[in-house]
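Please look at the sequence and the structure below. The report that follows describes some of its helices and a few single residues.

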Amino acid sequence: AAIDAVTEKLMDKNYLDDQVYAASYVASRMKTSPRSRRLMAQELKRKGIRDNHIEAALKPVDERRMALACIHRKRRRWRRFEGQQRRMKMLAHLNSKGFSYDVSRRAVETYCAQAD
């Protein structure tokens, strides 16, 4: 009876709501550690979140903006490299964060165009 009472109280306060958790998790990742929708979906799946909650939480995610944010966060890492070598390092980093080649390439092109 005590377990049921505590569980109900936690659910009333949205502490046990998977939808709220998934949305909060995605928002946190977007701010602190950008990565692809696919990678965030895998992480949430490993945590036991249902597919419908994952899909709803990932709706506001713009892959291109996330990839560009990912580059901006680590831009100091590539200062010592130039030209094609810098681009390859950026692409490899975005690949490690789960972004597709097409999204990564566009983000690198946008970043380089802005930096020039």
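The text below goes through two helices and then three residues of this predicted model.

**Helices H7 and H4**

Helix H7 runs over residues 101–115, which is 15 residues. From its first C-alpha to its last, H7 reaches 21 Å, close to the 21 Å expected at 1.5 Å a residue. Its buried residues are Val103, Ser104, Ala107, Val108, Tyr111 and Cys112. Around the axis of H7 these buried residues fall within an arc of 160°, so they line one face of the helix. An α-helix has 3.6 residues a turn, so residues three or four places apart point the same way. The buried residues of H7 pack against H5 and helix H6.

Helix H4 covers residues 51–58, and its buried residues are His53, Ile54, Ala57 and Leu58. They take up an arc of only 125° around the axis, which puts them on the same side of H4. Their packing partners are helix H2 and H3.

The table sets the two helices side by side.

| Helix | Arc of the buried residues | Buried residues pack against |
|---|---|---|
| H7 | 160° | H5 and H6 |
| H4 | 125° | H2 and H3 |

**His72**

His72 lies in helix H5, which spans residues 63–73. Is His72 buried or partly exposed? Its relative accessible area is 30%; buried means under 20% and exposed over 50%, so His72 is partly exposed. Leaving out residues up to four places away in sequence, His72 touches Tyr111 and Gln114. Tyr111 is also one of the buried residues of H7. The C-alpha atoms of His72 and Arg106 are separated by 14 Å, and the two residues are 34 apart along the chain.

**Glu43 and Lys97**

Glu43 is found in helix H3, residues 37–46. With a relative accessibility of 9%, Glu43 counts as buried. Not counting residues up to four places away in sequence, Glu43 touches Tyr25, Arg29 and Arg35. With Arg35, the side chain of Glu43 makes a polar contact to the side chain at 2.8 Å.

Lys97 sits in the loop between H6 and H7. Which side chain of opposite charge is nearest to Lys97? That side chain is Glu43, 7.7 Å away. Lys97 is buried yet has no salt bridge. A salt bridge needs a distance within 4 Å, so a separation of 7.7 Å does not qualify. Beyond four places in sequence, the residues that Lys97 touches are Ser33, Pro34, Arg35, Ser36, Leu39 and Cys70. Arg35 is also among the residues that Glu43 touches.

Definitions and conventions: Residues are numbered from 1 along each chain as its sequence is written. This is a predicted model: local features need pLDDT of at least 70, side-chain atom pairs count only at pLDDT 80 or more; totals for chains, interfaces and linings use all residues. Side-chain values use heavy atoms; hydrogens and water are left out. Helices (H or I, at least four residues) and strands (E, at least two) are DSSP runs, numbered from the N terminus. Buried means under 20% relative accessible area, exposed over 50%, partly exposed in between (1.4 Å probe, protein chains only). Contact means heavy atoms within 4.5 Å. The expected span of a helix is 1.5 Å times one less than its number of residues. The arc is that of the directions from the helix axis to the C-beta atoms. A polar contact is a pair of N or O atoms within 3.5 Å; within protein, one must be able to donate a hydrogen and the other to accept it, and residues adjacent in sequence count only if both atoms are side-chain atoms. Lys and Arg count as positive and Asp and Glu as negative; His and the chain ends are not counted.
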